[in-house]
Every structure is written in C-alpha cells, then in structure tokens.
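Here are a few short exercises to work through with the model open in your viewer. Try each task before reading its solution.

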Amino acid sequence: MPDLLFDPSHVIFETDGTRYDLVMTNDPYGGVLVVWPTTGYVWRWFPGDRMATLTTNANPYDKENIFHYLEKTK
C-alpha cells in the first residue's frame, strides 16, 4: 500500500446501486482514514482486519460495502 500521508488516494466505485466517492489518507493514530465527503462519514480502516466508524450517523451497510471493496483491491 502506498504511503497515503504523502500520496492521498481518491477512489470512486459503485456497488449495490450506491456510488462511493472516497478520499483516503494515513491516520497518525494507526490505520487509514476513509472519508466520504458528500455524506460526512469517516471510518478508520485497518487493512486486513476491520473498519471502525468514527461518525455516529454512518450507515453500517455502507461501511460493509466500502470495507469489502477496499479489502478486495488493496
């Protein structure tokens, strides 16, 4: 995986009828911050392990879709 702190990633994909437009960067506290700017949702992704929700209103269905996509393409 690239050093996302100096080379942030912008990912656009669609699954189950939802279009995701995400920005990712290294989190100084561990993992990778995954931000969906249009919704305000933020997660901390630990590649190969799990994804933690950092916003209270985030949809768990979206979290699972994004986690599976990231794990498949990492």
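**Exercise 1.** How much area does the chain expose, and what share of it do carbon and sulfur atoms supply?

*Solution.* Start with the ground rules. This is a predicted model, where local features need pLDDT of at least 70, side-chain atom pairs count only at pLDDT 80 or more, and totals for chains, interfaces and linings use all residues. Residues are numbered from 1 along each chain as its sequence is written, and side-chain values use heavy atoms, leaving out hydrogens and water. Now run Shrake-Rupley with a 1.4 Å probe: the chain exposes about 4,500 Å², and carbon and sulfur atoms supply 53% of that. Next, count buried residues (under 20% relative accessible area, 1.4 Å probe, protein chains only); they make up 31% of the 74 residues.

**Exercise 2.** List the elements of the chain from the N terminus on, and work out the strand order in the sheet.

*Solution.* Take the DSSP runs, numbered from the N terminus: helices are H or I with at least four residues, strands are E with at least two. That gives one helix and five strands, running β-β-β-β-β-α. Then pair up strands that share at least two DSSP bridges. You get an open sheet in the order 1-2-3-4-5, with antiparallel pairing. Strand 1 (9-15) and strand 5 (50-53) are at the edges with a single partner strand each, so one side of each has no neighbour in the sheet.

**Exercise 3.** What joins strand 4 to strand 5, and what sits in the turn?

*Solution.* Look at the pairing: four bridges join strand 4 (residues 41-46) to strand 5, and the two run antiparallel. One to check is Arg44, whose bridge partner in strand 5 is Ala52. Now the turn: the two strands make a hairpin with three residues between them, and Gly48 there has a positive phi of about 80°.

**Exercise 4.** Which radius of gyration would a compact globule with 74 residues have, and what does the chain have?

*Solution.* Apply the rule over C-alpha atoms: 2.2 Å times the number of residues to the power 0.38. It gives a value near 11 Å, and the chain has 11 Å, which agrees. For its extents, the C-alpha trace spans about 30 × 25 × 25 Å along the principal axes.

Conventions. Buried < 20%, exposed > 50% of the residue type's maximum accessible area, 1.4 Å probe, protein only.
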